[in-house]
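Below are my comments on the model, set out as numbered points. Please read them with the sequence and the coordinates open.

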Amino acid sequence: MKVKTIEEIQNALQPIADEMSIEIVEVEFKQGKNPSLTIYIKKDGGMDLDTCELFHRAIDAPLDEFGRRTKKYYAEQAVIAEKTGKEI
C-alpha cells in the first residue's frame with residue numbers, strides 16, 4: 001500500500017479547516033516505535049478548547065481512513081497561540 005504524504009493528509013483536512021475558519025500551520029509525522037501525527041492549527045481571534053475539540057472530532061474520520069491504509073499512528077494537534085507563540 002502507498003503511504004500518504006504530509007501534503008496528501010493536509011489536502012484532505014484543508015476543506016474541514018476552511019469550513020471552521022482554522023488555519024493548518026503545519027502537519028508533522030514522526031516515525032518510530034510509536035508513530036505520531038501532529039497538526040498545528042490556529043484561528044484568527046484565538047482558539048478555544050471547544051473549537052479545538054470540534055476540529056479534532058471533524059478530522060477523526062479522514063485520519064482513520066489514512067490509518068486503515070497505512071500503519072496506525074497516534075494523532076494529536078497543537079494549537080498555536082498567535083500573540084505569545086506558546087502552544088496550548
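In what order do the elements of the protein chain run from the N terminus on?

1. Overall layout. The model is a predicted one, and from the N terminus its elements follow the order α-β-β-α-β, which amounts to two helices and three strands in the protein chain. Of the 88 residues in the chain, 31% are buried, and about 6100 Å² of the chain is exposed, with carbon and sulfur atoms supplying 49% of that area. Among contacts between residues at least 6 apart in sequence, 52% join residues at least 24 apart.

2. Helix α1. This helix covers residues 6-19, and its 14 residues should span 20 Å at 1.5 Å a residue, which agrees with the 20 Å that separates its end C-alpha atoms. The helix nevertheless bends by about 35 degrees at Leu13, with the proline Pro15 following within four residues. Its buried residues are Ile9, Leu13, Ile16 and Ala17, so that Leu13 is both the site of the bend and one of the buried positions. After α1 comes Ser21, whose phi is positive, near 55 degrees.

3. The β1-β2 hairpin. Strands β1 and β2 pair in the antiparallel sense over seven bridges, and they form a hairpin with five residues between them. In the turn, Gly32 has a positive phi of about 135 degrees, while Lys30 stands opposite Ser36 in β2. Six of the seven residues of β2 are buried, so this strand is largely enclosed by the rest of the structure.

4. Val27. This residue lies in strand β1, which comprises residues 23-30. Its relative accessibility is 8%, and because buried means under 20%, Val27 counts as buried. Leaving aside residues up to four places away in sequence, Val27 touches Ile6, Ile9, Gln10, Leu37 and Thr38; of these partners, Ile9 is itself among the buried residues of α1. Glu7 is 20 residues away from Val27 in sequence, yet their C-alpha atoms are 8.2 Å apart in space.

5. The nonpolar core. Which residues have the most contacts inside the largest nonpolar core? They are Ile24, Ile39, Phe55 and Leu63, within a core of 17 residues. Each of α1, β1, β2 (36-42) and α2 (49-69) supplies at least two residues of this core, and the largest share, five residues, comes from α2.

6. Two positions in helix α2. Pro62 is found in this helix and is partly exposed, with a relative accessible area of 23%. Apart from residues up to four places away in sequence, Pro62 touches Leu13 and Ile16, both of which are listed among the buried residues of α1. The C-alpha atoms of Pro62 and Leu13 are 7.4 Å apart, although 49 residues separate the two in sequence. Thr51 also has its place in α2, but it is buried, with a relative accessible area of 14%. With residues up to four places away in sequence again not counted, the contacts of Thr51 are Met20, Ile22 and Lys43.

How values were computed:
Residues are numbered from 1 along each chain as its sequence is written. This is a predicted model: local features need pLDDT of at least 70, side-chain atom pairs count only at pLDDT 80 or more; totals for chains, interfaces and linings use all residues. Side-chain values use heavy atoms; hydrogens and water are left out. Buried means under 20% relative accessible area, exposed over 50%, partly exposed in between (1.4 Å probe, protein chains only). Contact means heavy atoms within 4.5 Å. Accessible areas come from the Shrake-Rupley method with a 1.4 Å probe; for residues, only the protein chains shown count as cover. The expected span of a helix is 1.5 Å times one less than its number of residues. The bend at a residue is the angle between axes fitted to the seven residues ending there and the seven starting there. A nonpolar core is a set of buried Ala, Val, Leu, Ile, Met, Phe, Trp, Tyr and Cys residues joined through side-chain atoms within 4.5 Å. Two strands pair if DSSP finds at least two bridges between them.
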